[in-house]
Amino acid sequence: MRSTVSTLYAKTSKKSLMTYADILLQADGALHPSAISDGIIPKPKTLSPSAAAEFKACPQSYLFQYLYGIRQPTTLPLAKGSVCHSALEQLFDLQPDQRTIPNLHNLFRKEWSKERMSTQYQHLFDNEDENTGRFVRDMEAEREWGDAALGLLDNYYQLEDPRLIPQPNPIEREIWVQSKLTLDPRKGSTGSDPIPFTNNDDDGEDRFLMRGIVDRLDYVAIPPSPRDAFAKGELQRAAVRIVDYKTGKAPDFKYSPETNHRIASENMWQLKIYALLLREMIANGKNNSKSGNLKNISAQDLRLLRLMYLTSKDGEARYLDFDLGATEEERDETLQEVHRELVDIWEGILSLVGTQDAKEFVHCDRKFCFCHKIRRKFEYGSLYNHS
């Protein structure tokens, strides 16, 4: 399958991709898929956790954003999350006693001052003047947005005091993790028949490139199981925790135990993907990083996941933890499930791309989804439309 699809779309041109702004200028029903990307649905080169999640939720939105290149413009919540993430990353460049709330605020202000008039963000607070037709920046709205972001950073200190985080933590910050995953999960590093490491990527196995960015890695001391403590006399051992900051609200676990478990699992999916990619990188000897600390992590170290939500329904910060398993077998089983799901998603994408029919990409029923705004710009019947 890989060679056939790759050859078919290897020469896809991107010069004809239309931007979001281009699309909005079109009258409803004015476009046709044949006008996008030279009429070809291109094969994706990589897959990210966000792209995989989008395909799961709405294949049509995935088509628009990741294949046609009609990406959603930056929104106020996305801008807030991006700048807060940057400030939190830079906080750990400071000496421990300097990691105070005022200094974190200053890092946010400095980053926003640098980025606020960039192409990505400059439109966020522009309002059109009814009399002149010119766009005027709403300074009050920008101040309110900034104050809300600073409030989220204040909440961060409810979860941890960065002045007290012991060295060498964080061992990594804002690092790319990526690996070419095997289409047969059993042959991956967590599978029952892992392929021996080779420097040659072309080892005859069908693979796809999965990549993403990890906010932070920490060493965490955990107690051993009672059996290990008795047998080996161990008091504690170190595990690596993958940490991700979230500026959106924490999930509200007010439902049945089964539903709450499903919600927690769905929220942890992205971090499980990162854990899988790190395992693959370590197994393949490709665990390089700017700091060099990633080389000191073993596959057995990767165990814990933490989502740090900077707000919640009641306005307080919350964190959500997940243990991949006390034993290597348990961790492998958890990550094998993730690997299988990613393979299903990748093969589902390739299957739809192989049809070269935009109508095969169905849309979702979520009212907020990007698909509804873009679909109406296309000729009725040229795309899947449930209505």
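Which residues form a negative surface patch? The close-ups below take this patch and other sites in turn, all in a predicted model.

**View 1. Glu329, Glu330, Glu333 and Glu337 make up a negative surface patch.** One of these residues, Glu333, sits in helix H10, which covers residues 328-355. Glu333 has a relative accessible area of 58%. That value makes Glu333 exposed, because exposed means over 50%.

**View 2. Asp93 and Arg173 join in a salt bridge.** Their side chains meet at 3.0 Å, N to O. Asp93 belongs to the loop between helix H5 (76-91) and helix H6 (101-115), while Arg173 belongs to strand E4 (residues 172-182), so the pair ties together parts that are 80 residues apart in sequence. Is Asp93 buried or exposed? Asp93 counts as exposed, at 54% relative accessibility. Arg173 counts as partly exposed, at 24%.

**View 3. Glu142 and Arg116 pair across helix H7 and a loop.** The side chains form a salt bridge of 2.8 Å, N to O. Glu142 is in helix H7 (residues 139-159) and Arg116 is in the loop between H6 and strand E2 (126-128), so this contact ties together parts that are 26 residues apart in sequence. Glu142 is buried, with a relative accessible area of 7%. Arg116 is partly exposed, with a relative accessible area of 21%. These figures fall on opposite sides of the cut-off, because buried means under 20%.

**View 4. Asp323 and Arg303 link two strands.** The two residues form a salt bridge, with the closest N and O atoms 2.8 Å apart. Asp323 lies in strand E8 (residues 318-323) and Arg303 in strand E7 (residues 302-311). The pair links distant parts of the chain, 20 residues apart. Asp323 is partly exposed, at a relative accessible area of 35%. Arg303 is buried, at 12%.

**View 5. Arg116, Asp126, Arg137 and Glu142 form one salt-bridge network.** What joins these residues? Salt bridges that share partners do so. The network includes the Glu142 and Arg116 contact, at 2.8 Å from N to O. In total, the structure holds 22 salt bridges.

**View 6. Glu140 is another residue of helix H7.** Glu140 counts as partly exposed, at 40% relative accessibility. Its C-alpha atom and that of Leu76 are separated by 14 Å. Along the chain, Glu140 and Leu76 are 64 residues apart.

**View 7. Cysteines appear here without a disulfide.** How many disulfides does a search of the whole structure find? The search finds 0. Cys371 is in no disulfide, and its nearest cysteine sulfur, that of Cys369, is 3.6 Å away. That distance does not qualify, because a disulfide needs two cysteine sulfur atoms within 2.5 Å. Cys371 counts as buried, at 0% relative accessibility. Cys84 is also buried, with a relative accessible area of 0%.

**View 8. Two cis peptide bonds lead into Pro168 and Pro170.** Most peptide bonds are trans. The bond from Gln167 to Pro168 is cis, with omega near 10 degrees. The bond from Asn169 to Pro170 is cis too, with omega near -10 degrees. Where do these prolines lie? Pro168 is in the loop between H7 and E4, and Pro170 is in the loop between H7 and E4 as well.

**View 9. Ser37 and Glu174 have positive phi values.** Most residues other than glycine have a negative phi. Ser37 has a phi near 50 degrees. Ser37 is found in the loop between helix H2 (20-24) and strand E1 (46-47). Is Ser37 buried or exposed? Ser37 counts as buried, at 1% relative accessibility. Glu174 is not a glycine either, yet its phi is positive, at about 45 degrees. Glu174 is found in strand E4. Its relative accessible area is 29%, and Glu174 is partly exposed.

Methods. Residues are numbered from 1 along each chain as its sequence is written. This is a predicted model: local features need pLDDT of at least 70, side-chain atom pairs count only at pLDDT 80 or more; totals for chains, interfaces and linings use all residues. Side-chain values use heavy atoms; hydrogens and water are left out. Patches are made of residues with over 30% relative accessible area and no salt bridge: like charges are joined within 9 Å, nonpolar side chains (Val, Leu, Ile, Met, Phe, Trp, Tyr) within 5 Å. Accessible areas come from the Shrake-Rupley method with a 1.4 Å probe; for residues, only the protein chains shown count as cover. A salt bridge is a side-chain nitrogen of Lys or Arg within 4 Å of a carboxyl oxygen of Asp or Glu. Lys and Arg count as positive and Asp and Glu as negative; His and the chain ends are not counted. The place of a charge is taken as NZ of Lys, CZ of Arg, CG of Asp or CD of Glu. Helices (H or I, at least four residues) and strands (E, at least two) are DSSP runs, numbered from the N terminus. Buried means under 20% relative accessible area, exposed over 50%, partly exposed in between (1.4 Å probe, protein chains only).
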